[in-house]
Amino acid sequence: MDAMRLIVTSRSALAESGDAPEILAEVWQAQALAQAIGSRLAVSGPPELRGEALGLTELAGRGCGVLDAPVLDPGDLRAAQLTELDDARGTLLCLGGLLGEVGIALVGMASSADDQATYWQCMEAIDAADESRDRVREMLRKLAAREAALPEKEAG
């Protein structure tokens with residue numbers, strides 16, 4: 001399935017999640033999807049993005065690691081459904097939006113957490129989502145620089 005479609009599905013699922021376990025499951029799904037997208041870009045994306053894409057893979061993996069993995073049927077793992085990533089820029093723009101929404105959802109959970117363990121789990125996940133989003137922004141910056149340099153090379 002196309003990366004953009006999976007991101008849209010994740011954004012909808014996160015928005016529709018109600019209680020804390022559902023939110024945490026969707027946050028985990030989003031981080032796993034970011035990890036898969038990072039891996040795909042690291043292997044077959046534009047060369048300028050490969051280092052940042054590896055960093056995204058590691059950070060998103062950390063985001064999954066600080067959360068308890070949800071119990072999912074193998075067919076429900078969105079990251080495993082990733083088969084196409086045709087538009088790196090569009091995918092990164094949407095992924096950045098998803099990671100921002102993940103952070104907002106986690107801030108809401110942390111502020112209403114009844115116990116310290118949940119609070120700190122949310123705080124670590126917020127940090128991972130924020131750092132992942134920073135990597136996405138850096139990749140978008142590199143893509144913009146690459147696109148700006150192409151007309152200069154063609155003219156020269």
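By a nonpolar core I mean a set of buried Ala, Val, Leu, Ile, Met, Phe, Trp, Tyr and Cys residues that are joined through side-chain atoms within 4.5 Å. With that in hand, and bearing in mind that what we have here is a predicted model, let me begin with the core and then move to the helices around it.

The largest nonpolar core has 44 residues, and those with the most contacts inside it are Ile37 and Leu95. At least two residues of this core come from each of H1, helix H2 (20-44), helix H3 (50-65), H4 and helix H5 (116-155). If we take Leu95 and set aside residues up to four places away in sequence, we find that Leu95 touches Ile7, Ala34, Ile37, Leu56 and Val136.

Let me turn to the packing of helix H1, residues 3-16, against helix H4, residues 88-111, where the axes lie 9 Å apart and the angle is about 15°. Angles under 35 degrees count as roughly parallel, and therefore H1 is roughly parallel to H4. The crossing in which H1 passes H4 is left-handed. On the H1 side the contact is made by Ala3, Met4, Ile7, Ser10, Arg11 and Leu14, and these meet a set of H4 residues that includes Gly90, Cys94, Leu95, Leu98 and Val102. Sorted by character, the residues of this contact of H1 with H4 comprise nine nonpolar, four polar and two charged.

How do the axes of H1 and H2 cross? They come within 9 Å of each other, at an angle of roughly 165°. Since angles over 145 degrees count as roughly antiparallel, H1 is roughly antiparallel to H2. Here, too, H1 passes its partner, H2, in a left-handed crossing. The residues of H1 that take part are Ala3, Leu6, Ile7, Ser10, Ala13, Leu14 and Glu16, and they meet Glu22, Ile23, Glu26, Val27, Leu33 and Ile37 in H2. In the contact of H1 with H2 there are nine nonpolar residues, one polar and three charged.

I would like to finish with a single residue of helix H2, namely Ala42. Is Ala42 buried or exposed? Its relative accessibility is 17%, and because buried means under 20%, Ala42 counts as buried. Once its neighbours within four places in sequence are left aside, Ala42 is in contact with Arg50, Ala53 and Leu54. For Leu54, which lies twelve residues from Ala42 along the chain, the separation between the two C-alpha atoms is 5.7 Å.

Note on methods. Residues numbered from 1 in each chain as written. Predicted model: local features only at pLDDT ≥ 70, side-chain atom pairs only at ≥ 80, totals over all residues. Heavy atoms only, no water. Axes fitted to C-alpha atoms, helices over the stretch in contact; angles between N-to-C directions. Helix = DSSP H or I, 4+ residues; strand = E, 2+ residues; numbered from the N terminus. Parallel < 35°, antiparallel > 145°, perpendicular 65-115°, else oblique. Left-handed = near helix turned anticlockwise from the far one by under 90°. Contact = heavy atoms within 4.5 Å. Nonpolar A, V, L, I, M, F, W, Y, C, P; charged D, E, K, R; others polar. Buried < 20%, exposed > 50% of the residue type's maximum accessible area, 1.4 Å probe, protein only.
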